Amino acid sequence: MFAIVLLTVLCGAYLVHNFYWKRRGLPPGPTPWPVVGNTLEFVGSSVDVVAKLLEWKQRYGPVYTLWMGTEAFVHVADYDVMQETFVKNADAFTGRWKNFAVDELRGGNMGIIMSEGSLWKEQRRFSLRVLRDFGVGRSIMEENILAEASIMNASVNKQLANGEVKIMDLKPFIDECIGNIINGIVFGFRLEDEKLKEFEKMKAFIDRQVTAASQMVIFLMGPITIRLPFLSSLWKESKNNFDEMFGYLKRNLNEHRQTFDPDAEPTDFAYAYLKQIHQLQKQGESIENYSDHQMAVLAFDLWGAGLETTITTLRWSMLYMVTNPEVQDKVHAELREKIGDRKEITMADKSSLTYVTAVINEVQRCANILPLNVPHRTLEAVSVGKYLIPEDVVIVPSISVVHMEEKYFPEPRKFKPERFLQSDGKTLKKVDQLMPFSLGKRQCMGESLARMELFLIFANFMHNFHVSIPKGQCPPNMQPINGATSQPHNFSVAIKRISSD
Ligand code: HEM
(Lines give C-alpha, C1' and ligand atoms only; values in the text may rest on other atoms or scores of the structure.)
Protein backbone atom coordinates (compact mmCIF):
# COMPACT_ATOMS: atom_id res chain seq x y z
CA MET A 1 0.00 0.00 0.00
CA PHE A 2 2.80 2.37 1.05
CA ALA A 3 4.61 1.59 -2.18
CA ILE A 4 1.54 2.47 -4.29
CA VAL A 5 1.08 5.79 -2.44
CA LEU A 6 4.76 6.60 -2.83
CA LEU A 7 4.66 5.75 -6.52
CA THR A 8 1.53 7.89 -7.05
CA VAL A 9 3.12 10.84 -5.23
CA LEU A 10 6.35 10.48 -7.23
CA CYS A 11 4.46 10.24 -10.54
CA GLY A 12 2.31 13.25 -9.59
CA ALA A 13 5.39 15.26 -8.62
CA TYR A 14 7.08 14.32 -11.89
CA LEU A 15 4.05 15.36 -13.95
CA VAL A 16 3.74 18.70 -12.09
CA HIS A 17 7.45 19.23 -12.73
CA ASN A 18 7.17 18.31 -16.42
CA PHE A 19 3.99 20.16 -17.33
CA TYR A 20 4.32 23.19 -15.07
CA TRP A 21 7.40 23.70 -12.90
CA LYS A 22 10.20 23.36 -15.44
CA ARG A 23 8.32 25.62 -17.90
CA ARG A 24 7.93 28.54 -15.47
CA GLY A 25 9.63 31.72 -16.60
CA LEU A 26 10.25 30.43 -20.11
CA PRO A 27 8.42 31.61 -23.24
CA PRO A 28 5.36 29.48 -24.15
CA GLY A 29 5.49 26.62 -26.61
CA PRO A 30 3.97 23.23 -27.41
CA THR A 31 3.38 20.97 -24.40
CA PRO A 32 6.37 18.68 -23.86
CA TRP A 33 5.94 14.94 -23.26
CA PRO A 34 7.82 13.50 -20.31
CA VAL A 35 11.42 12.49 -21.24
CA VAL A 36 11.15 13.06 -25.01
CA GLY A 37 9.77 16.63 -24.85
CA ASN A 38 8.75 17.74 -28.37
CA THR A 39 11.48 15.72 -30.09
CA LEU A 40 9.02 13.26 -31.64
CA GLU A 41 7.42 16.12 -33.61
CA PHE A 42 10.52 15.99 -35.80
CA VAL A 43 10.49 12.24 -36.40
CA GLY A 44 9.34 10.90 -39.76
CA SER A 45 10.59 11.32 -43.28
CA SER A 46 7.61 13.45 -44.35
CA VAL A 47 7.94 16.02 -41.55
CA ASP A 48 8.55 19.52 -42.89
CA VAL A 49 10.68 20.89 -40.05
CA VAL A 50 10.63 24.51 -41.20
CA ALA A 51 6.83 24.45 -41.69
CA LYS A 52 6.52 23.15 -38.11
CA LEU A 53 8.76 25.91 -36.77
CA LEU A 54 6.71 28.50 -38.68
CA GLU A 55 3.48 27.05 -37.31
CA TRP A 56 4.78 27.32 -33.73
CA LYS A 57 5.92 30.87 -34.35
CA GLN A 58 2.41 31.77 -35.51
CA ARG A 59 0.83 30.07 -32.51
CA TYR A 60 3.21 31.15 -29.72
CA GLY A 61 4.87 34.31 -31.03
CA PRO A 62 8.37 35.21 -32.20
CA VAL A 63 10.06 33.73 -29.11
CA TYR A 64 8.91 30.28 -28.02
CA THR A 65 10.19 27.20 -26.22
CA LEU A 66 10.59 23.69 -27.58
CA TRP A 67 11.76 20.79 -25.45
CA MET A 68 14.35 18.60 -27.09
CA GLY A 69 14.38 15.62 -24.78
CA THR A 70 14.53 17.17 -21.31
CA GLU A 71 16.28 20.37 -22.42
CA ALA A 72 14.46 23.66 -23.13
CA PHE A 73 15.38 25.21 -26.49
CA VAL A 74 14.23 28.83 -26.78
CA HIS A 75 13.69 29.67 -30.45
CA VAL A 76 14.11 33.26 -31.57
CA ALA A 77 12.18 33.31 -34.83
CA ASP A 78 11.95 37.01 -35.69
CA TYR A 79 14.57 38.94 -37.63
CA ASP A 80 14.36 42.15 -35.56
CA VAL A 81 14.49 40.30 -32.23
CA MET A 82 17.50 38.32 -33.53
CA GLN A 83 19.31 41.58 -34.33
CA GLU A 84 18.53 43.04 -30.89
CA THR A 85 19.80 39.93 -29.15
CA PHE A 86 22.39 37.89 -31.08
CA VAL A 87 24.01 40.99 -32.62
CA LYS A 88 23.54 43.92 -30.19
CA ASN A 89 23.98 41.84 -27.04
CA ALA A 90 26.22 39.28 -28.69
CA ASP A 91 28.46 38.17 -25.80
CA ALA A 92 25.53 36.93 -23.73
CA PHE A 93 24.68 34.36 -26.42
CA THR A 94 28.08 32.87 -27.19
CA GLY A 95 27.67 29.77 -25.04
CA ARG A 96 27.01 26.33 -26.52
CA TRP A 97 24.81 23.47 -25.40
CA LYS A 98 26.55 21.07 -23.02
CA ASN A 99 25.21 17.54 -23.05
CA PHE A 100 25.96 13.88 -22.61
CA ALA A 101 26.39 13.18 -26.33
CA VAL A 102 28.92 16.00 -26.78
CA ASP A 103 30.89 14.70 -23.78
CA GLU A 104 30.89 11.12 -24.98
CA LEU A 105 31.28 11.60 -28.73
CA ARG A 106 33.59 14.61 -28.89
CA GLY A 107 35.28 14.36 -25.50
CA GLY A 108 33.54 17.52 -24.19
CA ASN A 109 32.95 21.08 -25.40
CA MET A 110 36.20 21.32 -27.36
CA GLY A 111 37.17 22.35 -30.90
CA ILE A 112 35.43 25.49 -32.17
CA ILE A 113 31.82 24.66 -32.90
CA MET A 114 31.00 23.45 -29.37
CA SER A 115 33.63 25.26 -27.26
CA GLU A 116 33.01 28.40 -25.25
CA GLY A 117 34.74 31.11 -23.23
CA SER A 118 38.48 31.72 -23.54
CA LEU A 119 39.10 28.40 -25.33
CA TRP A 120 36.61 29.30 -28.09
CA LYS A 121 37.78 32.92 -28.39
CA GLU A 122 41.43 32.02 -28.69
CA GLN A 123 40.92 29.09 -31.04
CA ARG A 124 38.52 31.02 -33.29
CA ARG A 125 40.93 33.99 -33.50
CA PHE A 126 43.87 31.66 -34.20
CA SER A 127 41.95 29.63 -36.82
CA LEU A 128 40.73 32.73 -38.66
CA ARG A 129 44.29 34.07 -38.78
CA VAL A 130 45.62 30.78 -40.18
CA LEU A 131 42.84 30.59 -42.77
CA ARG A 132 43.69 34.15 -43.83
CA ASP A 133 47.40 33.27 -44.01
CA PHE A 134 46.49 30.38 -46.31
CA GLY A 135 44.71 32.81 -48.60
CA VAL A 136 41.05 32.31 -47.63
CA GLY A 137 39.17 35.30 -49.04
CA ARG A 138 42.14 36.11 -51.31
CA SER A 139 43.52 35.06 -54.66
CA ILE A 140 45.64 32.17 -53.30
CA MET A 141 42.52 30.30 -52.21
CA GLU A 142 40.74 31.31 -55.38
CA GLU A 143 43.45 29.55 -57.40
CA ASN A 144 43.07 26.37 -55.32
CA ILE A 145 39.30 26.35 -55.69
CA LEU A 146 39.52 27.02 -59.43
CA ALA A 147 42.01 24.17 -59.82
CA GLU A 148 39.65 21.75 -58.05
CA ALA A 149 36.60 23.04 -59.97
CA SER A 150 38.47 22.52 -63.21
CA ILE A 151 39.47 18.95 -62.23
CA MET A 152 35.85 18.20 -61.36
CA ASN A 153 34.57 19.57 -64.65
CA ALA A 154 37.22 17.62 -66.57
CA SER A 155 36.19 14.38 -64.79
CA VAL A 156 32.53 14.96 -65.67
CA ASN A 157 33.51 15.92 -69.21
CA LYS A 158 35.48 12.69 -69.61
CA GLN A 159 32.26 10.74 -69.18
CA LEU A 160 30.58 12.59 -72.05
CA ALA A 161 31.12 12.23 -75.77
CA ASN A 162 30.39 15.39 -77.76
CA GLY A 163 26.66 16.04 -77.91
CA GLU A 164 25.92 12.98 -75.79
CA VAL A 165 23.46 13.17 -72.94
CA LYS A 166 24.39 10.97 -70.02
CA ILE A 167 22.58 10.21 -66.80
CA MET A 168 24.90 10.78 -63.87
CA ASP A 169 24.89 11.13 -60.11
CA LEU A 170 27.04 14.22 -59.46
CA LYS A 171 27.46 13.60 -55.73
CA PRO A 172 30.80 11.73 -55.90
CA PHE A 173 32.26 14.50 -58.09
CA ILE A 174 31.12 17.26 -55.73
CA ASP A 175 32.26 15.26 -52.66
CA GLU A 176 35.74 14.87 -54.11
CA CYS A 177 36.00 18.51 -55.22
CA ILE A 178 35.05 20.01 -51.84
CA GLY A 179 36.91 17.22 -50.03
CA ASN A 180 40.11 18.20 -51.82
CA ILE A 181 39.69 21.88 -50.96
CA ILE A 182 39.14 21.37 -47.23
CA ASN A 183 41.63 18.50 -46.98
CA GLY A 184 44.21 20.70 -48.69
CA ILE A 185 43.66 23.43 -46.10
CA VAL A 186 43.69 21.16 -43.04
CA PHE A 187 46.25 18.50 -44.08
CA GLY A 188 47.89 19.88 -47.21
CA PHE A 189 47.49 16.89 -49.54
CA ARG A 190 45.24 15.96 -52.48
CA LEU A 191 42.98 12.93 -52.24
CA GLU A 192 44.43 10.32 -54.57
CA ASP A 193 44.52 6.49 -54.66
CA GLU A 194 44.46 5.09 -51.10
CA LYS A 195 43.86 8.55 -49.59
CA LEU A 196 40.82 9.00 -51.83
CA LYS A 197 39.42 5.61 -50.84
CA GLU A 198 39.92 6.46 -47.17
CA PHE A 199 38.21 9.84 -47.67
CA GLU A 200 35.20 8.21 -49.38
CA LYS A 201 34.84 5.91 -46.38
CA MET A 202 34.96 8.90 -44.01
CA LYS A 203 32.43 10.83 -46.08
CA ALA A 204 30.06 7.88 -45.79
CA PHE A 205 30.38 8.07 -41.98
CA ILE A 206 29.57 11.80 -42.08
CA ASP A 207 26.57 11.18 -44.35
CA ARG A 208 25.23 8.60 -41.91
CA GLN A 209 25.88 10.82 -38.88
CA VAL A 210 23.93 13.82 -40.19
CA THR A 211 20.77 11.80 -40.80
CA ALA A 212 17.74 12.24 -38.59
CA ALA A 213 18.13 8.96 -36.73
CA SER A 214 21.65 9.78 -35.62
CA GLN A 215 20.60 13.27 -34.61
CA MET A 216 18.00 11.83 -32.23
CA VAL A 217 21.01 10.50 -30.37
CA ILE A 218 22.09 14.03 -29.53
CA PHE A 219 18.72 15.05 -28.11
CA LEU A 220 17.66 11.91 -26.33
CA MET A 221 20.85 10.33 -25.10
CA GLY A 222 21.86 10.10 -21.48
CA PRO A 223 23.62 7.50 -19.36
CA ILE A 224 20.37 5.52 -18.99
CA THR A 225 18.72 6.01 -22.39
CA ILE A 226 21.77 4.66 -24.28
CA ARG A 227 20.91 1.28 -22.79
CA LEU A 228 17.32 1.24 -24.04
CA PRO A 229 16.40 -0.93 -27.02
CA PHE A 230 16.52 0.94 -30.38
CA LEU A 231 18.30 3.95 -28.83
CA SER A 232 21.23 1.71 -27.91
CA SER A 233 21.76 0.68 -31.53
CA LEU A 234 21.52 4.33 -32.69
CA TRP A 235 24.02 5.24 -30.02
CA LYS A 236 26.44 2.49 -31.10
CA GLU A 237 26.22 3.64 -34.71
CA SER A 238 26.94 7.25 -33.77
CA LYS A 239 29.81 6.23 -31.54
CA ASN A 240 31.26 4.18 -34.35
CA ASN A 241 30.86 7.06 -36.86
CA PHE A 242 32.69 9.46 -34.54
CA ASP A 243 35.42 6.95 -33.67
CA GLU A 244 36.09 6.30 -37.36
CA MET A 245 36.23 10.03 -38.21
CA PHE A 246 38.49 10.86 -35.26
CA GLY A 247 40.67 7.87 -36.19
CA TYR A 248 41.18 9.36 -39.69
CA LEU A 249 41.97 12.82 -38.32
CA LYS A 250 44.33 11.53 -35.64
CA ARG A 251 46.26 9.37 -38.15
CA ASN A 252 46.82 12.44 -40.32
CA LEU A 253 47.74 14.63 -37.35
CA ASN A 254 50.28 12.02 -36.19
CA GLU A 255 51.88 11.96 -39.65
CA HIS A 256 52.24 15.75 -39.31
CA ARG A 257 53.82 15.43 -35.86
CA GLN A 258 56.44 13.07 -37.26
CA THR A 259 57.40 15.37 -40.13
CA PHE A 260 56.99 18.71 -38.33
CA ASP A 261 59.90 21.13 -38.78
CA PRO A 262 59.60 24.13 -36.40
CA ASP A 263 61.83 26.26 -38.66
CA ALA A 264 59.74 25.73 -41.82
CA GLU A 265 56.81 27.90 -42.93
CA PRO A 266 53.61 25.91 -42.24
CA THR A 267 51.96 24.67 -45.42
CA ASP A 268 48.66 23.57 -43.88
CA PHE A 269 46.48 24.06 -40.82
CA ALA A 270 47.92 21.06 -38.95
CA TYR A 271 51.52 22.34 -39.28
CA ALA A 272 50.37 25.88 -38.32
CA TYR A 273 48.84 24.44 -35.15
CA LEU A 274 52.02 22.51 -34.25
CA LYS A 275 54.07 25.63 -34.89
CA GLN A 276 51.81 27.67 -32.61
CA ILE A 277 52.33 25.13 -29.80
CA HIS A 278 56.09 25.17 -30.43
CA GLN A 279 56.24 28.98 -30.30
CA LEU A 280 54.10 29.28 -27.18
CA GLN A 281 56.33 26.75 -25.41
CA LYS A 282 59.47 28.58 -26.53
CA GLN A 283 58.10 31.84 -25.13
CA GLY A 284 57.20 30.10 -21.86
CA GLU A 285 53.49 30.79 -22.42
CA SER A 286 50.58 28.54 -21.52
CA ILE A 287 49.57 25.85 -24.01
CA GLU A 288 46.49 25.00 -21.98
CA ASN A 289 44.19 25.64 -24.97
CA TYR A 290 46.35 23.60 -27.39
CA SER A 291 46.05 20.00 -26.19
CA ASP A 292 46.28 17.04 -28.60
CA HIS A 293 42.59 16.43 -28.11
CA GLN A 294 41.68 20.07 -28.83
CA MET A 295 43.71 19.88 -32.04
CA ALA A 296 41.85 16.75 -33.17
CA VAL A 297 38.41 18.23 -32.43
CA LEU A 298 39.33 21.50 -34.13
CA ALA A 299 40.45 19.58 -37.24
CA PHE A 300 37.18 17.64 -37.01
CA ASP A 301 35.17 20.90 -36.92
CA LEU A 302 36.95 22.55 -39.85
CA TRP A 303 36.93 19.37 -41.88
CA GLY A 304 33.34 18.35 -41.09
CA ALA A 305 31.71 21.81 -41.22
CA GLY A 306 33.67 22.71 -44.34
CA LEU A 307 32.63 19.56 -46.18
CA GLU A 308 29.06 18.83 -45.31
CA THR A 309 27.47 22.27 -45.69
CA THR A 310 29.12 23.21 -48.98
CA ILE A 311 28.52 19.82 -50.62
CA THR A 312 24.88 19.81 -49.57
CA THR A 313 24.32 23.35 -50.92
CA LEU A 314 25.94 22.49 -54.27
CA ARG A 315 23.83 19.33 -54.58
CA TRP A 316 20.69 21.42 -53.98
CA SER A 317 21.87 23.90 -56.62
CA MET A 318 21.83 21.08 -59.20
CA LEU A 319 18.33 20.05 -58.13
CA TYR A 320 17.02 23.61 -58.42
CA MET A 321 18.54 23.86 -61.89
CA VAL A 322 16.82 20.72 -63.17
CA THR A 323 13.48 21.63 -61.60
CA ASN A 324 13.61 25.25 -62.84
CA PRO A 325 14.81 24.99 -66.47
CA GLU A 326 13.82 28.60 -67.21
CA VAL A 327 16.19 29.76 -64.45
CA GLN A 328 18.95 27.56 -65.86
CA ASP A 329 18.37 29.11 -69.31
CA LYS A 330 18.86 32.58 -67.81
CA VAL A 331 22.03 31.44 -66.04
CA HIS A 332 23.40 30.17 -69.36
CA ALA A 333 22.32 33.35 -71.14
CA GLU A 334 24.14 35.53 -68.61
CA LEU A 335 27.27 33.36 -68.83
CA ARG A 336 27.19 33.49 -72.64
CA GLU A 337 26.77 37.27 -72.62
CA LYS A 338 29.30 38.14 -69.90
CA ILE A 339 31.89 35.37 -70.23
CA GLY A 340 31.46 34.13 -73.79
CA ASP A 341 34.19 31.72 -74.91
CA ARG A 342 36.52 32.48 -72.03
CA LYS A 343 37.34 29.20 -70.26
CA GLU A 344 37.53 30.23 -66.63
CA ILE A 345 35.22 32.32 -64.44
CA THR A 346 37.00 34.04 -61.54
CA MET A 347 35.94 36.14 -58.56
CA ALA A 348 36.57 39.24 -60.66
CA ASP A 349 33.52 38.23 -62.73
CA LYS A 350 31.20 38.06 -59.73
CA SER A 351 30.08 41.69 -59.85
CA SER A 352 28.93 41.31 -63.45
CA LEU A 353 27.29 37.88 -62.94
CA THR A 354 24.39 39.24 -60.92
CA TYR A 355 21.83 36.65 -62.02
CA VAL A 356 24.18 33.77 -61.14
CA THR A 357 24.77 35.38 -57.73
CA ALA A 358 21.02 35.81 -57.20
CA VAL A 359 20.52 32.12 -58.06
CA ILE A 360 23.10 31.06 -55.45
CA ASN A 361 21.35 33.27 -52.86
CA GLU A 362 18.01 31.70 -53.71
CA VAL A 363 19.48 28.19 -53.50
CA GLN A 364 20.79 28.97 -50.01
CA ARG A 365 17.43 30.40 -48.95
CA CYS A 366 15.27 27.58 -50.33
CA ALA A 367 17.60 24.71 -49.42
CA ASN A 368 17.71 26.15 -45.88
CA ILE A 369 20.23 23.47 -45.03
CA LEU A 370 20.45 24.13 -41.27
CA PRO A 371 16.80 24.15 -40.14
CA LEU A 372 17.73 24.10 -36.43
CA ASN A 373 20.94 26.13 -36.85
CA VAL A 374 23.59 25.31 -34.20
CA PRO A 375 22.13 25.94 -30.73
CA HIS A 376 23.68 28.67 -28.54
CA ARG A 377 23.45 28.98 -24.71
CA THR A 378 22.84 32.10 -22.60
CA LEU A 379 25.82 33.01 -20.43
CA GLU A 380 23.75 35.37 -18.25
CA ALA A 381 20.10 36.24 -17.64
CA VAL A 382 19.15 38.31 -20.66
CA SER A 383 16.10 39.97 -22.28
CA VAL A 384 14.89 38.45 -25.51
CA GLY A 385 11.86 40.27 -26.91
CA LYS A 386 9.42 40.57 -24.00
CA TYR A 387 10.95 37.68 -22.01
CA LEU A 388 13.76 37.54 -19.49
CA ILE A 389 15.62 34.34 -20.33
CA PRO A 390 17.60 32.90 -17.42
CA GLU A 391 21.33 32.08 -17.63
CA ASP A 392 22.27 28.65 -18.98
CA VAL A 393 19.33 28.18 -21.36
CA VAL A 394 19.80 26.78 -24.86
CA ILE A 395 18.76 29.40 -27.41
CA VAL A 396 18.51 29.18 -31.20
CA PRO A 397 18.57 31.93 -33.84
CA SER A 398 15.89 30.41 -36.07
CA ILE A 399 17.34 31.53 -39.41
CA SER A 400 15.42 28.90 -41.39
CA VAL A 401 12.09 30.45 -40.31
CA VAL A 402 13.14 33.94 -41.45
CA HIS A 403 14.11 32.46 -44.85
CA MET A 404 10.52 31.25 -45.31
CA GLU A 405 8.68 34.37 -44.12
CA GLU A 406 6.17 35.82 -46.53
CA LYS A 407 6.84 39.40 -45.38
CA TYR A 408 10.50 39.22 -46.42
CA PHE A 409 10.26 36.70 -49.24
CA PRO A 410 6.82 36.81 -50.93
CA GLU A 411 5.71 33.34 -52.14
CA PRO A 412 8.52 31.88 -50.04
CA ARG A 413 8.14 28.29 -51.30
CA LYS A 414 8.78 29.38 -54.89
CA PHE A 415 12.28 29.40 -56.35
CA LYS A 416 12.60 32.99 -57.59
CA PRO A 417 16.16 34.33 -57.93
CA GLU A 418 14.69 37.66 -59.15
CA ARG A 419 13.85 38.51 -55.53
CA PHE A 420 17.56 39.25 -55.08
CA LEU A 421 17.62 41.71 -57.99
CA GLN A 422 16.49 45.34 -58.18
CA SER A 423 13.54 46.25 -60.42
CA ASP A 424 15.96 46.74 -63.38
CA GLY A 425 16.47 42.95 -63.21
CA LYS A 426 20.24 43.43 -63.36
CA THR A 427 21.49 45.04 -60.16
CA LEU A 428 21.89 42.85 -57.11
CA LYS A 429 19.65 43.68 -54.13
CA LYS A 430 21.03 43.16 -50.61
CA VAL A 431 18.45 41.36 -48.51
CA ASP A 432 19.58 41.32 -44.87
CA GLN A 433 17.08 38.60 -43.95
CA LEU A 434 19.08 36.06 -45.96
CA MET A 435 21.31 34.62 -43.23
CA PRO A 436 22.47 31.11 -44.20
CA PHE A 437 25.67 31.66 -42.19
CA SER A 438 23.72 32.87 -39.13
CA LEU A 439 24.56 36.05 -37.21
CA GLY A 440 26.35 37.42 -34.16
CA LYS A 441 29.69 36.40 -32.74
CA ARG A 442 29.21 32.72 -33.52
CA GLN A 443 28.41 33.34 -37.16
CA CYS A 444 29.96 30.77 -39.51
CA MET A 445 33.73 30.95 -39.46
CA GLY A 446 34.08 29.60 -42.99
CA GLU A 447 31.69 32.05 -44.64
CA SER A 448 34.15 33.70 -47.03
CA LEU A 449 35.61 30.32 -48.03
CA ALA A 450 32.11 28.90 -48.59
CA ARG A 451 30.96 31.90 -50.61
CA MET A 452 34.00 31.65 -52.88
CA GLU A 453 33.52 27.89 -53.33
CA LEU A 454 29.80 28.21 -54.13
CA PHE A 455 30.33 30.96 -56.70
CA LEU A 456 33.38 29.53 -58.47
CA ILE A 457 32.22 25.92 -58.55
CA PHE A 458 28.61 26.64 -59.52
CA ALA A 459 29.44 29.29 -62.17
CA ASN A 460 32.22 27.24 -63.79
CA PHE A 461 30.08 24.11 -63.80
CA MET A 462 27.12 25.88 -65.41
CA HIS A 463 29.47 27.47 -67.95
CA ASN A 464 30.31 23.96 -69.17
CA PHE A 465 27.19 21.84 -68.70
CA HIS A 466 23.44 21.71 -69.04
CA VAL A 467 21.49 19.53 -66.58
CA SER A 468 17.91 18.27 -66.76
CA ILE A 469 15.56 15.61 -65.42
CA PRO A 470 16.34 12.34 -67.24
CA LYS A 471 13.73 11.58 -69.96
CA GLY A 472 10.82 9.51 -68.73
CA GLN A 473 11.68 10.08 -65.05
CA CYS A 474 9.45 11.82 -62.50
CA PRO A 475 10.63 15.18 -61.15
CA PRO A 476 13.06 14.63 -58.25
CA ASN A 477 11.87 14.54 -54.66
CA MET A 478 12.44 18.05 -53.27
CA GLN A 479 11.48 17.09 -49.72
CA PRO A 480 14.74 17.17 -47.71
CA ILE A 481 16.01 14.28 -45.61
CA ASN A 482 15.78 15.69 -42.11
CA GLY A 483 18.88 15.70 -39.98
CA ALA A 484 21.58 18.06 -38.75
CA THR A 485 21.62 19.37 -42.30
CA SER A 486 18.70 19.08 -44.74
CA GLN A 487 20.08 16.85 -47.45
CA PRO A 488 18.50 16.07 -50.80
CA HIS A 489 17.50 12.49 -51.61
CA ASN A 490 19.89 10.74 -53.98
CA PHE A 491 19.26 11.84 -57.54
CA SER A 492 20.76 11.66 -61.00
CA VAL A 493 20.63 14.27 -63.75
CA ALA A 494 20.78 14.08 -67.52
CA ILE A 495 23.88 16.06 -68.38
CA LYS A 496 25.37 17.33 -71.62
CA ARG A 497 28.18 19.66 -72.59
CA ILE A 498 27.13 23.23 -73.13
CA SER A 499 28.91 23.48 -76.51
CA SER A 500 26.42 20.95 -77.91
CA ASP A 501 23.41 23.15 -77.01
C1 HEM B 1 27.39 26.74 -47.53
C2 HEM B 1 28.27 26.56 -46.60
C3 HEM B 1 28.11 26.84 -45.14
C4 HEM B 1 27.00 27.19 -44.41
C5 HEM B 1 25.58 27.40 -44.91
C6 HEM B 1 27.43 27.33 -43.03
C7 HEM B 1 26.60 27.71 -41.99
C8 HEM B 1 26.99 27.77 -40.66
C9 HEM B 1 26.12 28.09 -39.57
C10 HEM B 1 24.63 28.42 -39.70
C11 HEM B 1 26.85 28.03 -38.43
C12 HEM B 1 26.34 28.22 -37.00
C13 HEM B 1 26.32 29.66 -36.59
C14 HEM B 1 25.73 29.87 -35.22
O15 HEM B 1 26.08 29.16 -34.28
O16 HEM B 1 24.88 30.76 -35.07
C17 HEM B 1 28.20 27.70 -38.80
C18 HEM B 1 29.26 27.59 -37.91
C19 HEM B 1 30.54 27.25 -38.28
N20 HEM B 1 31.00 27.01 -39.56
FE21 HEM B 1 29.91 27.14 -41.26
N22 HEM B 1 28.77 27.06 -42.95
C23 HEM B 1 29.23 26.77 -44.21
C24 HEM B 1 30.53 26.47 -44.57
C25 HEM B 1 31.60 26.39 -43.71
C26 HEM B 1 32.96 26.13 -44.12
C27 HEM B 1 33.46 25.95 -45.55
C28 HEM B 1 33.70 26.07 -42.98
C29 HEM B 1 35.19 25.78 -42.92
C30 HEM B 1 36.10 26.40 -42.51
C31 HEM B 1 32.81 26.33 -41.85
C32 HEM B 1 33.18 26.37 -40.53
C33 HEM B 1 32.34 26.69 -39.47
C34 HEM B 1 32.76 26.73 -38.09
C35 HEM B 1 34.16 26.42 -37.56
C36 HEM B 1 31.63 27.10 -37.34
C37 HEM B 1 31.55 27.31 -35.83
C38 HEM B 1 31.73 28.79 -35.50
C39 HEM B 1 31.67 29.08 -34.00
O40 HEM B 1 31.00 28.36 -33.28
O41 HEM B 1 32.30 30.05 -33.58
N42 HEM B 1 31.55 26.52 -42.35
N43 HEM B 1 28.27 27.55 -40.17
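## Two sheets and how their strands pair

Two strands count as paired here if DSSP finds at least two bridges between them. By that yardstick, strand 3 and strand 5 make the grade in this predicted model, pairing in the antiparallel sense over two bridges. Within that pairing, Gly 95 has Arg 377 of strand 5 as its bridge partner. Helix 2 (residues 49-60) packs on the sheet here, touching strand 1 and strand 2, and its direction makes about 130° with that of strand 1.

The sheet in question is open and has five strands in the order 1-2-8-5-3, with mixed pairing. Strand 1 (63-68) and strand 3 (95-96) sit at the edges; each has a single partner strand, so one side of each is left without a neighbour in the sheet.

## Strand 8 in the five-strand sheet

Strand 8 (residues 394-397) is worth a look on your screen. Strand 2 (residues 71-76) pairs with strand 8 in the parallel sense, over four bridges, and His 75 stands opposite Val 396 there. Strand 5 (residues 376-377) pairs with strand 8 too, but in the antiparallel sense and over two bridges. Val 394 of strand 8 is the bridge partner of Arg 377, and Arg 377 is also the residue that bridges to Gly 95.

Which way do the side chains of strand 8 point? Val 394 and Val 396 go one way, Ile 395 and Pro 397 go the other way, and all are buried.

## The three-strand sheet

There's also an open sheet of three strands, ordered 4-10-9 and antiparallel in its pairing. Its edges are strand 4 (166-168) and strand 9 (465-468), each with a single partner strand, so each has one side without a neighbour in the sheet. Ignoring direction, neighbouring strands of this sheet are turned by 35° against each other on average.

Strand 4 pairs with strand 10 (residues 493-497) in the antiparallel sense, over three bridges. If you want a spot to find that pairing, Lys 166 stands opposite Ile 495 in strand 10.

## Helix 5

Helix 5 covers residues 117-133, which is 17 residues. At 1.5 Å a residue it should span 24 Å, and its end C-alpha atoms are indeed 24 Å apart, so the two values agree. Just after helix 5, Gly 135 takes a positive phi of about 95°.

Which residues of helix 5 are buried? They are Leu 119, Trp 120, Gln 123, Arg 124, Phe 126, Ser 127, Val 130 and Leu 131. The buried residues of helix 5 pack against three other helices: helix 7 (171-187), helix 11 (269-282) and helix 12 (292-323).

## Cysteines and the iron

Searching the whole structure for disulfides turns up zero. Why does Cys 366 have no bond to another cysteine? The closest cysteine sulfur, in Cys 444, is 20 Å from the sulfur of Cys 366, which is too far for a bond; the cut-off for a disulfide is 2.5 Å between the sulfur atoms. Cys 366 counts as buried because its relative accessibility is 13%, while Cys 444, at 33%, counts as partly exposed.

Cys 444 does have a partner of another kind: its SG is the single protein donor to the iron atom of the ligand, 2.3 Å away. To find Cys 444, go to the loop between helix 15 (399-403) and helix 16 (447-464).

Methods:
Residues are numbered from 1 along each chain as its sequence is written. This is a predicted model: local features need pLDDT of at least 70, side-chain atom pairs count only at pLDDT 80 or more; totals for chains, interfaces and linings use all residues. Side-chain values use heavy atoms; hydrogens and water are left out. Buried means under 20% relative accessible area, exposed over 50%, partly exposed in between (1.4 Å probe, protein chains only). Donors are N, O and S atoms within 2.8 Å of the metal (3.2 Å for Na, K and Ca); water is not among the atoms, so sites may look incomplete. The expected span of a helix is 1.5 Å times one less than its number of residues. Contact means heavy atoms within 4.5 Å. Axes are lines fitted to C-alpha atoms, for helices over the stretch in contact, and angles run from 0 to 180 degrees between N-to-C directions.
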